[in-house]
Amino acid sequence: MGELIFSLSYGGSLIVMGWITKVFLIKMKRNQEAIKEKAPIEKVGM
Amino acid sequence: MAFLIGIIVSFCVYVSIGIFLFRKVKSSEEYYVSGRSGNTLMITGTLVASFLSTVSFMGEAGFSYEGYPILLLILVIFNASGYIFGVFLFGRYLRRSKSLTVPEFFGNRFHSKKVRLAAAITTILGISAYLVAVTQGAAVLLAEVSGVSYPIALIIMWLVYSSFTILSGAKGVMVNDTIMFFLFSIATYLSFPYIIKSAGGFPNAITKAANLAERPDLLSWHGITGSGATMGTPWEALAWAVIMGLVWGIVIAVSPWQSSRYLMAKNEHVAIRAGVWATISILSVYLFLHISISTITTIKADIAPTEKVFIWAAMNIVPTWLGVIIISGIMAAALSSCSSFLQIIGSSITRDIMEQSRNKKYTDHHLLRTSRISMVVISLIILLIGLFQPPAVMWIGYFAATLFAASWGPIAISSVFSKKITKEGAFWSIVFGFFGVILGESLGMFGISLPVYFNSVIIGLILSISALIIGSKYGVITKEEREFQANILQTPIEIDEQKEMNITRRYPAYLMISGVMIIMVTLMFYYWPINMN
């Protein structure tokens, strides 16, 4: 049983990381849109 | 002889690249962070290459061969996630700060020379110990392959990585790291079918390894446990893997030799994409490497010391051409880490200690020259320590690396997101974390053995977090600190942002597709063969 859980979890961790990356990117996009609405300039930030 | 020629050719390539790029390095920014011009491939290459070393291909391979391949892979599940959390929670903010070193980031964030100095000293001490361990591992390999004595091998190794690092700085390190990343990845993937074939072919090799009398439980999820084994009970073994995996995840997320790679990224999207590819690379390289290593037990179960298992396979059971690639690949993994470590130590000594303690700002030309001189001196010290200290590849590496999880972990994340942390809290957090790990390790010398859930890193982490909270009750947060934090929290918008974002948005899918493929490989090359009886 432990071996099956490992077999699914090892690659499964990448699927979870994929979802986490997706959430971070959505948040990043939202931040950028908020900045653009405030100051519609070509390049901001550091 | 073929192995030696392969090593000499690869050494000549690395040194030539260093000499060629030496002429292209015109400013300190190019020397420290490669002019912040790194693309996704190069940042991925340098992230993975500076992480994998002789600790991975020798120390961990030996540990796996002794009976813990799956336990090590469980550890990797947690540590590889450090790339995703690291780039999103620390790396991209570090990049936005435009610092040249990570201690400089901490110093500017808390507007404090004291914090910068504490971060620099921990960097120098921790990475120097790790550099000694990795250099020694590579020297053991070179001595084994070439027949030269260990001290001569150590001197050759030192000459190679020091020369191209001192000459070309981060620029040469990044290019060489990328080449080395390809070399050891190819070595790992190509060796898999050949080692399996030599061990009896697929699926017999894996089935045999799972039922080997000399290594009962070799391929079970917990490895060899019970009295006399390295691990205690299966659940203690699992706790060790999870805790060490989380600790290594923090190391990947915040350690200077990993997070500083994001300083070289062309833009934030490149940093994020490199973090994704590094996660995929680490999980796939480890899977293929450790399944291969476990089947070597069926061919020869008494390789000693076990750290030489992959080297033994390269010299005895794969075709010579592949053996040459494997040996050169292991050497590349060692050299890439050594060069990154030396570059970081040299940069920190010059920029964070010498420049700050003398209270003067070097000119760009002076900074470049002083950095090179510092690297020559520190590399000589490392060489001398390596000559007089007996080699212990895995455990010194583990100890030195995990120092950063405790001393830098809490402060790295809170420096980005917390508005309550003061410079006092930051300083004492670094100090207590560092000495907490050393204290925990020292207890072993007095015969006190700690349970796995309370090992030295956990002690360091608890002390570091406590010091951060208590210390932050003292001192005030200045205007400069607030402004710096506000600036790094401002999401940058590139001129071609839409195009960049469209590319980056594909990356979650790349992770998920890779995940499905790795599940299929694991089921086919691990779960199915061990359950055939």
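User: What makes the crossing in which H8(B) passes H12(B) left-handed or right-handed?

Analyst: H8(B) passes H12(B) in a left-handed crossing, because that name applies if the near helix is turned anticlockwise from the far one by less than a right angle, and right-handed applies if clockwise. This is a predicted model, in which local features need pLDDT (the predictor's confidence in each residue, from 0 to 100) of at least 70, side-chain atom pairs count only at pLDDT 80 or more, and totals for chains, interfaces and linings use all residues. Residues are numbered from 1 along each chain as its sequence is written, while chains are lettered from A and ligands numbered from 1 in the order in which they are written.

User: At what angle do helix H8 and helix H12 of chain B pack, and how far apart are their axes?

Analyst: Helix H8 (residues 150-198) and helix H12 (residues 268-296) of chain B pack at about 35 degrees, with axes 9 Å apart. The axes are lines fitted to C-alpha atoms, for helices over the stretch in contact, and angles run from 0 to 180 degrees between N-to-C directions. Helices are DSSP runs of H or I with at least four residues, and strands are E runs of at least two, numbered from the N terminus.

User: Which residues of H8(B) and H12(B) meet?

Analyst: Among them are Tyr189(B), Phe192(B) and Ile196(B) in H8(B), and Val285(B), Phe288(B) and Leu289(B) in H12(B). Contact requires C-beta atoms, placed from the backbone, within 7 Å.

User: Why does Ser34(B) count as buried or exposed?

Analyst: Ser34(B) has 27 C-beta neighbours inside 10 Å and therefore counts as buried; the class needs 20 or more other C-beta atoms within 10 Å, exposed means 12 or fewer, and partly exposed lies in between. Ser34(B) lies in the loop between helix H2 (28-33) and helix H3 (40-51) of chain B, and its phi is near 55 degrees.

User: What is the burial class of Arg36(B)?

Analyst: Arg36(B) counts as partly exposed, because it has 19 C-beta neighbours inside 10 Å. Its phi is positive, about 50 degrees, although it is not a glycine.

User: What makes the peptide bonds before Pro203(B) and Pro305(B) notable?

Analyst: Most peptide bonds are trans. The bond joining Phe202(B) and Pro203(B) is cis, with omega about 5 degrees, and the bond from Ala304(B) to Pro305(B) is also cis, with omega near -10 degrees. Pro203(B) is found in the loop between H8 and helix H9 (204-210) of chain B.

Methods: Two residues are in contact if their C-beta atoms, placed from the backbone, lie within 7 Å.
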